[in-house]
Each structure stands twice: as C-alpha cells, then as structure tokens.
Amino acid sequence: GGGRAMTDSGCGALVAGRIRQRGPITAAEFMDLALYAPGAGYYARADRRSGRAGDFFTSVDVGPLFGALLASGFEALWLDAAAGLDRDRIDLVEAGAGNGRLAADVLAAAASRHPAFYRALRLHLVDRSAAARAAHHDVLGRHAGRLASSGEALPPVIDGILYANELLDAFPVHVVEMGAHGLLEVYVDLRGGRLVERLGPPSTPRLEAYLADAGAVLETGWRAEVNLAAMAWVADAARRLRRGFLLLVDYGHESSALFSGARRRGTLTAYRGHQAETPGAASSDGRPAWLADPGQQDLTTHVDLTSVRRTAEAGGLETVLAVDQTRFLLDLLERSGLAAELDAPDRARDRLALKTLIMPGGLGSTHKVLLFRTR
C-alpha cells in the first residue's frame with residue numbers, strides 16, 4: 001500500500017505491461033494475473049495460502065476431522081448401488097487441491113476406517129499452481145502410492161467422485177455496475193503509474209445474458225460480479241463425469257440474495273493476514289482495496305449457487321443435495337460413527353474442530369454444499 005507505485009511488485013509490473021499493451025483490462029483478466037500468473041500470482045507463488053500463518057482460514061485448517069468426515073461420505077457414495085460405481089476401482093478427483101492437504105486427510109481416514117474404499121481409489125489432484133503440484137507427493141506421504149495423476153486440468157473421463165472445497169470463489173470474475181442508461185463493466189486502467197477503476201461498455205454480451213438468466217435486477221449504482229469462469233468449469237466437470245458424483249463446498253448465496261440491495265456493492269473481497277477488505281473499501285492511498293498490491297493478497301467473491309445448479313443440470317447432472325455445511329457434516333458425523341469416538345477424553349481437539357466446522361455464523365452456515373450425480 002502506502003505511497004508505492006503499484007508497478008513495484010512483479011505481478012503489478014505484469015498488469016501494467018498488459019494495460020500499456022492493450023488498454024484497460026477487465027477485472028477478470030486482472031484477477032487471473034493477480035492470482036494465477038506463473039511465478040508472480042498470489043496462488044502461483046506458494047503451495048499453501050491458508051491457516052494461521054496465511055491470509056484466510058478454511059475447513060481444512062481446522063484439522064483432519066473435515067477430511068475424515070468427507071472420507072465417510074465418499075465411501076457411502078461409492079457403495080450407493082444406484083450410482084453403479086465400480087467396486088474395484090474408483091476415481092477420486094480433487095479440483096483446486098492446493099498442496100494436497102485435504103486429500104491427505106481423506107486418505108488417512110479412508111486407510112484406517114474404510115479399507116476397501118481406500119484400496120479401490122485412484123486419486124487425481126488438480127491445481128493450477130506448479131508450486132502446489134510439486135508438494136503433492138510429500139504432503140500425501142505414505143499415501144502417495146494412491147496418486148494416479150497430478151496436473152493442471154481435470155482428467156478427461158471420471159468414473160467416481162469429483163470434489164472441490166472453496167474452488168469456485170477463487171475464479172476470476174467480471175465486475176459490472178448498473179449505469180443510468182444500462183449495464184457497464186468495471187475495467188482496470190493505469191493513471192500516473194497507478195491502477196484505477198474505469199467504467200466502460202460490457203466486454204461481452206454474455207454478462208447481460210447471465211444476469212437475465214439469474215433473474216437479477218440491478219438498480220442504478222449497484223455492483224455485482226459475474227463468474228463466467230466458474231460456470232464454464234461446472235459445465236466442463238459435468239462433461240467429464242461419466243458416472244458418479246460432483247461435490248462442491250463453497251460460500252455463496254442463491255441468485256435472489258446475491259443480486260440484492262443487501263449486496264449492492266458486490267462481494268469482491270481482498271484478504272490479507274486474516275483481514276478482509278470489504279467490497280467498496282479503499283486502501284490507504286485511496287485506491288480500491290482489490291487493486292492494491294496485485295499478487296500479494298487473496299481475492300474472492302461469493303458464489304451464485306442458483307446458476308451453479310442450473311449449469312450442472314443443463315450438463316446432464318441432477319441435484320441430490322443443497323444444504324449448508326453444518327447440516328451436511330452433522331449428517332456425516334451421525335453416519336460415520338465418529339460422534340461416539342469424539343466423546344473420548346483425548347479427542348478434545350477434534351471436538352473443538354467440529355464446533356468450528358458446524359457453528360452457525362462460522363464456516364458451518366457461510367459454506368454451502370452442493371451434491372450432484374450423473375443421471
């Protein structure tokens with residue numbers, strides 16, 4: 001922040017160079033560089049970004065219990081006769097896997113509690129960050145033998161379970177604002193060596209089409225984000241899933257709540273050192289917080305759950321479940337038999353972890369779980 005020109009950082013220089021070359025860029029293009037530019041983007045530079053030492057907190061940071069509960073749920077899906085999954089071999093694919101920590105928790109629990117499922121699973125970890133992928137073998141440790149692939153893209157064909165925890169909220173979004181005479185898009189431009197917002201006509205007619213499909217009516221001055229990339233990912237995932245399930249855990253809202261007066265500034269939030277810069281906030285030098293220090297902070301938005309469901313269903317999947325994380329994990333806790341074990345005196349830490357995962361107002365109610373299956 002402060003008085004430094006934004007072009008000081010490696011990522012800032014990349015952004016500035018792109019603008020000088022091509023003119024103002026969309027928020028989506030800016031976010032793609034700020035988060036994912038090789039060697040310079042926020043996620044590209046480190047194998048892990050969350051936890052006490054990081055900038056934000058996820059369910060995985062609470063401890064291995066989240067992975068253990070998921071393992072129990074995955075085993076139940078594998079055994080679901082209606083799904084018709086192979087008893088001897090199942091693809092378990094994590095998208096946005098980071099360094100593989102959640103997968104390691106899932107596999108550790110499966111190895112000790114669900115041995116038949118463990119033997120059948122072939123793990124595929126997908127992440128855009130080369131640093132994260134390089135850590136997969138070490139993080140998986142003694143379970144690395146189950147790793148069938150580690151790459152940037154989803155496997156071409158998936159027979160089994162594809163899951164993602166807080167993936168869609170990290171996709172680059174287009175930012176729009178309703179002007180007096182129609183929809184405008186927010187672009188990122190340079191002024192005096194600094195990044196600034198500039199309003200212009202929408203970069204693609206798909207933005208208005210998306211809002212119309214979502215039933216969103218924006219009043220003059222309201223802002224919103226349109227996550228075309230997330231919908232493209234869901235459509236692609238539905239295409240590749242030949243047989244089985246898609247499980248998405250993310251924070252979001254139905255379209256009617258997302259595109260409403262309560263969120264008239266949108267939901268684009270910058271996280272650094274566990275401090276969130278709320279939508280519309282300015283950094284110390286007066287610039288919008290999301291434009292400060294590209295590559296040095298996390299940028300996220302809330303997910304449009306209605307549109308995710310519509311996209312998945314248009315891709316041939318059916319919705320099995322749409323609940324908040326509290327309800328989902330409590331059901332898994334009951335089914336897994338872990339509840340009784342947590343009463344043991346030496347499981348105090350796990351009891352505390354469970355509270356963090358399911359507490360209303362915390363991760364439990366802000367995070368939603370969507371489960372789809374192939375028809």
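**Exercise 1.** Work out which residues L123 touches once residues up to four places away in sequence are not counted.

*Solution.* Start with the cut-off: contact means heavy atoms within 4.5 Å. With that in hand, L123 touches L92, A103, L107, L140, R146, L147, A148 and S149.

A quick word on the ground rules: this is a predicted model, where local features need pLDDT of at least 70 and side-chain atom pairs count only at pLDDT 80 or more, while totals for chains, interfaces and linings use all residues. Residues are numbered from 1 along each chain as its sequence is written, and side-chain values use heavy atoms, with hydrogens and water left out.

**Exercise 2.** Place L123 in its nonpolar core, and find the helix that gives the most to this core.

*Solution.* First, the term: a nonpolar core is a set of buried Ala, Val, Leu, Ile, Met, Phe, Trp, Tyr and Cys residues joined through side-chain atoms within 4.5 Å. Buried means under 20% relative accessible area, exposed over 50%, and partly exposed in between (1.4 Å probe, protein chains only). Next, the largest such core has 49 residues, and L123 joins F74, L92 and V106 as those with the most contacts inside it. The top contributor is helix α3 (residues 65-79), with nine residues. Helices (H or I, at least four residues) and strands (E, at least two) are DSSP runs, numbered from the N terminus. Finally, there's a second, separate core of 41 residues, and W222, V234, V308 and F372 are among its members.

**Exercise 3.** Trace the strand partners of β11.

*Solution.* Two strands pair if DSSP finds at least two bridges between them. Take β13 (residues 298-300): it pairs with β11 (residues 269-272) in the antiparallel sense over three bridges, and Y271 sits opposite D298 there. Now turn to β12 (residues 275-277), which also runs antiparallel to β11, again with three bridges. Here A270 faces E277.

**Exercise 4.** Decide whether T300 is buried or exposed, then describe its surroundings.

*Solution.* T300 lies in β13. Its relative accessibility is 2%, so T300 counts as buried. Setting aside neighbours within four places in sequence, T300 contacts D169, Y251, T267, L268, T269 and Y271. With Y251 there's also a side-chain polar contact of 2.7 Å (a pair of N or O atoms within 3.5 Å; within protein, one must be able to donate a hydrogen and the other to accept it, and residues adjacent in sequence count only if both atoms are side-chain atoms).
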